[in-house]
Amino acid sequence: MQKIIFLLAYLFLHVGSVLFAQSLPVYYKGAIKEKKVALQRNIIQNTIIKNLSLPLSEETEENWADAFWGMEILQYKSPFTDGRVHSAFDSIEKRSAFFQRALLELLYANYDGRFVKQVVLLMNKVTDIKIYAMCAEYIIHHSISQLPQIKPDEKKQQLVKNEKDEAIARQLFNRLRNKNKQPACIFMEDITRKDFFQNQTILFSFQRKNRNYPGIAIVRDSAGNFILDDNGNIFSVPQLARSISNMPGYLTNGNTPQGIFRMYGFAVSKSNFIGPSANIQLTMPFETTPAHFFNDSTITDTVWTEKWYKKLLPGKLKNCDAMLESFYAGMAGRTEIIAHGTTVNPEYYSGQVYYPQTPTMGCLCTKEIWSEADGKRLYSDQEKLVNALQMAGGAHGYCVVIEIDDAQKPVSIEEILPWLKNIGQ
């Protein structure tokens, strides 16, 4: 089945590492108004309506899944598409795992709790741990009182078949155990002290538990000093860690997981939805070897364990499950989470809390504005972030993603400053 070009572009394909400053004007021709209108029309007419007009069968599952992706990206709904989503449940039990995942992701992204009953029925019958987890998360998100009784040990025996399954099961059951607890184990004093990742550049991304609210990014150089802006204040830019689906970070296409990522340079994406601004390359455990993750060629062990990962965490944080999210996301098979700008039309998300920022497939994303007249980049927090990293010596070190609390507002630098001042910054 022929793939839709814009969907392929959104898989975050990117080229090798480069190191440069984008001082010359940057253009993205897709931002020109006529092209934006044409793209949106094409997605609605050809990707969504045309594909959903086909009868659902084994041969057309991929067409329907493409339509679901289009609906997510545009936040698109209509009486016609609502009816087709309802009809998808008529044969959901005999559909492929691929199709079931695509449908559940769409429900989490675009729909409220109107499908809880259908999802409960599916959850009681599935034999795939990822689909089981997606069902559970949708029910928890919308109507936890309807969540079927879960016996973790029994479900693990039934559904866990390999290492990836084990990672998903661990994260799901851990979330169920802690669903009513506040994220209280992030010890900011330990993370922001100078001897945390000593001699390494760090990109910090401070986020809320509710990812609808943008976080902020700051940069620390290898000497332990935070990069300053032109006014002599600690540099920061807003950064969104919310995916389009808004699913938890251990699931494919979910929010950016908390924890530690290896940062290893800049690149320029070929994706029409990321655009030509330099992005920051990141990788998780399991996505790369321990030798690369620790930047230590003497490490010969190629098998990842929690023990390896916890070597990176200061004392108290070794026992903080939240900081293990990137480890288990990598173990579950997530890949290609990077920090980038955006050429997505922000008007798709008008009315959302995070507007005019745009969600991703799980990456860290900064705000950019492009001219509708000629495609010129008019404003770029991504360029500011790249420049800050260059001032710190380059994008080689670590990125640390941290949820600080569940306040229902964007993260501000003023909230972070007390921890930074405590170490003499």
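**Exercise 1. Backbone exceptions in loops**

Asn246 lies in the loop between β3 (237–239) and β4 (259–267). Task: in this predicted model, determine which sign the phi of Asn246 has, and how the environment of Asn246 is classed.

Solution.
Step 1. Most residues other than glycine have a negative phi, and most peptide bonds are trans.
Step 2. Asn246 departs from the usual sign, with a positive phi of about 65° although it is not a glycine.
Step 3. The relative accessibility of Asn246 is 15%, so Asn246 counts as buried, the cut-off being under 20%.
Step 4. Glu336, in the loop between α13 (325–331) and β6, also has a positive phi, near 60°, and is not a glycine. Its relative accessibility is 31%, so Glu336 counts as partly exposed.
Step 5. A peptide bond completes the list: that from Tyr355 to Pro356 is cis, with omega near 10°. Pro356 belongs to the loop between β6 (339–340) and β7 (364–365).

**Exercise 2. The two sides of helix α15**

Task: establish where the buried residues of α15 (residues 413–421) lie around the helix axis, and which elements cover them.

Solution.
Step 1. The buried residues to consider in α15 are Ile413, Ile416 and Leu420.
Step 2. These three cover an arc of only 65° around the axis, and therefore lie on the same side of α15.
Step 3. This agrees with a general rule: an α-helix has 3.6 residues a turn, so residues three or four places apart point the same way.
Step 4. Glu414 and Lys421 are exposed on the other side of α15.
Step 5. The cover over the buried residues includes α10 (188–191), β1, β2 (215–220) and β10 (396–405).

**Exercise 3. Three buried positions and their contacts**

Task: state whether Arg208 is buried or exposed, and list its contacts beyond four places in sequence. Then treat Gln382 and Ala392 likewise.

Solution.
Step 1. Arg208 is part of strand β1 (residues 201–208). Its relative accessible area is 0%, so Arg208 is buried.
Step 2. Outside the excluded sequence neighbours, Arg208 touches Tyr213, Glu403, Ile404, Asp405, Ala407, Lys409, Pro410, Val411 and Glu415.
Step 3. Gln382, in helix α14, is buried because its relative accessible area is 0%. Its contacts beyond four places in sequence include Ser277, Asn279, His340, Thr366 and Glu368.
Step 4. Ala392 is in the loop between α14 (381–391) and β10. At 7% relative accessibility, Ala392 is likewise counted as buried.
Step 5. Ala392 is in contact with Thr201, Val219, Arg220, Asp221, Ser222 and Ile227, leaving aside neighbours within four places. The C-alpha atoms of Ala392 and Gln200 are 9.7 Å apart, although 192 residues separate the two along the chain.

**Exercise 4. Aromatic rings**

Task: determine which geometry the pair Phe89 and Phe115 has.

Solution.
Step 1. A pair of aromatic rings is described by the distance of the centres and the angle of the planes.
Step 2. The whole structure contains 22 aromatic pairs. For Phe89 and Phe115 the values are 5.5 Å centre to centre and 20° between the planes, and the pair is stacked.
Step 3. Phe89 is in the loop between α4 (79–88) and α5 (97–110), and Phe115 in the loop between α5 and α6 (116–123), 26 residues apart.
Step 4. Phe89 is buried at a relative accessible area of 11%, and Phe115 is buried at 0%.
Step 5. The centres of Phe294 and Trp304 are 6.2 Å apart with planes at 25°, so this pair is stacked. Both residues are buried, and both are members of one aromatic cluster that includes Phe196, Trp308, Tyr328 and Tyr398.
Step 6. Rings also receive charges: the charged end of Lys77 sits over the ring of Tyr111, 5.0 Å from its centre. That of Lys367 sits over the ring of Tyr379, 5.6 Å from its centre.

**Exercise 5. A hairpin**

Task: state in which sense β8 (residues 368–370) and β9 (residues 377–380) pair.

Solution.
Step 1. The pairing is antiparallel, over three bridges, and Trp370 stands opposite Arg377 in β9.
Step 2. Six residues lie between the strands of this hairpin, and Gly375 in the turn has a positive phi of about 85°.

How values were computed
Residues numbered from 1 in each chain as written. Predicted model: local features only at pLDDT ≥ 70, side-chain atom pairs only at ≥ 80, totals over all residues. Heavy atoms only, no water. Helix = DSSP H or I, 4+ residues; strand = E, 2+ residues; numbered from the N terminus. Buried < 20%, exposed > 50% of the residue type's maximum accessible area, 1.4 Å probe, protein only. Contact = heavy atoms within 4.5 Å. Pairing = 2+ DSSP bridges. Arc of directions from axis to C-beta. Phe/Tyr/Trp six-rings, centres within 6.5 Å; stacked < 30°, edge-to-face > 60°. Lys NZ or Arg CZ within 6 Å of the ring centre and 35° of its normal.
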